[in-house]
Amino acid sequence: KKNKNLPTVDYMVRIKDRIVSRYYATPRQYDVVVYTESGHYYAKDRRGNLICVDSPTACIQEAVDALTPNRSWIETVLIRSGNYIINDTIMLDSFTRLVAHDAYLKLGNGVNKAMITNRNQINGNTYIIIEGGTYDGNYQENPSIPTALINFVKGSIITITDTTIKNTYNFALKYNGGTLRAFRNWFLNNYAGVNLGGADHLFMHNYYSNNWSVDLLLSSGASSFLGDYFGSNAANNVMVIENATYNKFVGCVFSDASRENILMRVNNTSLPVPRFNLFVGNLIAQWLNKKDNNTYSMVKISYGTYNAFIGNMIASYPSTNIPMYILEELSTAGPNYFIDNTLVGKYGTAPVNLSGVNSVYKFRGLILSENSGVAVLSVGSTRVTVNHNMGIKPNKILLTPGANIRVWYENVTNTSFDIVTDTAPTSDVYISWRAEL
């Protein structure tokens, strides 16, 4: 029963087996509602006035268009639970909030367009919010989406939260404007995840998985990624940084790629190389046998200067298809800074290949099966050379001889060291060794 003394709210009640729907709302809850009932689609304003009875696409677009023109405050379109086939691109204006927590929006067969974009693509729009909902690109029937399923051109102050964007035969999300805030979104089973340009973005607790080409293609600046999980079991690369600067990655996971987990490269030679990017406290891991072959490293910096990796763990555990290097920096990069990182697991040739110009390497630890072994000091010899294959000069080597003999190490390089004694043994001596950073 409607109480005349209280602001009315939207509700649905079940009387026996019949659904009775009434749409009342306070101004703060929504301004226009879109819903489906008995196979039909409707749009009503908050006073219950009918705006549209048509297809899902038309009702959603007319709901957006029914909001106050040229407003400077946010108004809300609520899409209620149900399945909505979208057959044309939905255009959002500035100061629009689209709420669709229990709605499933799927691109119609053969549409091959973006599902959602902003209306003003010359100057961009501002203050657009997409909150909740599942957005399905229907990639089997839409193999030619030109940009992304959700594509924002220019603009600023865009927020996307609690969505699932999936099954797109291109990027799930693309944006090249200012300040995109993305919280708790899922980017699943797309050709690619997020294509991000512009600057000053904030991503928190987003999840990326099974995006075939790349989870994140980053060419933006001054953005932050906090606690995001990049878990692309089907990806070529987890993340590619192209000409991006001043980005921060804190507490993220970059896991399981067929090629590099993190790749820094140059796409546009007229722009600066990737620089001043900061990685702190992240886990860069390869748990599955996903590398296409042993020519791909886990972290590869082809180009880049003044980037810093601090306190990260880079771990590789597959028994086959192991990465070529856990960490690789080419001579076209540098100076970069690698401080207090820990390298764990297996590798193809050596754990690191560090050729950067004037870069700084100070590792916290190295926990690898290949950085220990047993050397044999033969009868009559006072010296034996050991190949450790670490790719970097160890800071400390532990020696445990199998006989009562005094030994020490000398001539330590990136690939080998010598075990030396002052008195040649009268029988072969086995010496266990372990190299540490």
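**Strands, rings and charges: a chat**

Colleague: Let's start with a hairpin: what stands opposite E37 in strand 4?

Modeller: E37 stands opposite H40 there. Strands here are DSSP runs of E with at least two residues, helices are runs of H or I with at least four, and both are numbered from the N terminus. Two strands pair if DSSP finds at least two bridges between them.

Colleague: Before we go on, what kind of model is this?

Modeller: It's a predicted model: local features need pLDDT of at least 70 and side-chain atom pairs count only at pLDDT 80 or more, while totals for chains, interfaces and linings use all residues. Residues are numbered from 1 along each chain as its sequence is written, and side-chain values use heavy atoms, with hydrogens and water left out.

Colleague: Fine. Back to strand 3 and strand 4: how many bridges, and parallel or antiparallel?

Modeller: Strand 3 (residues 32–37) and strand 4 (residues 40–45) run antiparallel and are joined by 6 bridges. They form a hairpin with 2 residues between them, and S38 in the turn has a positive phi of about 55 degrees.

Colleague: And which strand pairs with strand 4 over 4 bridges?

Modeller: Strand 5 (residues 50–54), in the antiparallel sense. A43 has C52 in strand 5 as its bridge partner. This hairpin has 4 residues between the strands, and G48 takes a positive phi near 90 degrees.

Colleague: You mentioned C52. How many disulfides does a search of the whole structure find?

Modeller: The search finds 0 disulfides, a disulfide being a pair of cysteine sulfur atoms within 2.5 Å. C52 is in none, and its nearest cysteine sulfur belongs to C59, 3.1 Å away.

Colleague: Why is there no bond for C59?

Modeller: Because the closest cysteine sulfur, in C52, is 3.1 Å from that of C59, too far for a bond.

Colleague: Are those two cysteines buried or exposed?

Modeller: C52 is buried at 3% relative accessibility, and C59 is buried at 0%. Buried means under 20% relative accessible area, exposed over 50%, and partly exposed in between, with a 1.4 Å probe and protein chains only.

Colleague: Changing topic: in what order do the 11 strands of the open sheet come?

Modeller: The order is 8-11-14-17-20-23-26-29-32-35-37, with parallel pairing. Strand 8 (90–92) and strand 37 (352–354) are the edge strands, each pairing on one side only. From one strand to the next, the twist averages 15 degrees; axes are lines fitted to C-alpha atoms (for helices over the stretch in contact), and angles run from 0 to 180 degrees between N-to-C directions.

Colleague: Give me a sample: how many bridges join strand 32 to strand 35?

Modeller: There are 3 bridges, between residues 299–301 of strand 32 and residues 327–329 of strand 35, and the strands run parallel. The bridge partner of I301 in strand 35 is E329.

Colleague: Now aromatics. How many pairs do you count?

Modeller: The count comes to 22 aromatic pairs. One of them is F249 with F254, which is edge-to-face at 6.0 Å centre to centre and 65 degrees between the planes. The rule is that rings of Phe, Tyr and Trp (its six-membered ring) pair if their centres lie within 6.5 Å; planes under 30 degrees apart count as stacked, over 60 as edge-to-face and the rest as tilted. Both F249 and F254 are buried.

Colleague: Which residues do ring pairs link into a cluster?

Modeller: The cluster consists of F187, F203, Y208, F225, F230, F249, F254, F279, F309, F338 and Y361.

Colleague: Last topic: how many salt bridges does the structure hold?

Modeller: It holds 10 salt bridges, each being a side-chain nitrogen of Lys or Arg within 4 Å of a carboxyl oxygen of Asp or Glu. R46 and D31 form one, with the closest N and O atoms 3.9 Å apart. This pair links distant parts of the chain, 15 residues apart: R46 is in the loop between strand 4 and strand 5, and D31 in the loop between strand 2 (18–22) and strand 3. R46 is partly exposed at 22%, whereas D31 is buried at 16%.

Colleague: What does E131 meet in a salt bridge?

Modeller: R97, at 3.2 Å from N to O. E131 lies in strand 12 (residues 126–131) and R97 in strand 9 (residues 96–99), so the pair ties together parts that are 34 residues apart in sequence. E131 is buried, with a relative accessible area of 19%.

Colleague: And which residues are linked in a network of salt bridges?

Modeller: D65, D93 and R119 are linked that way.
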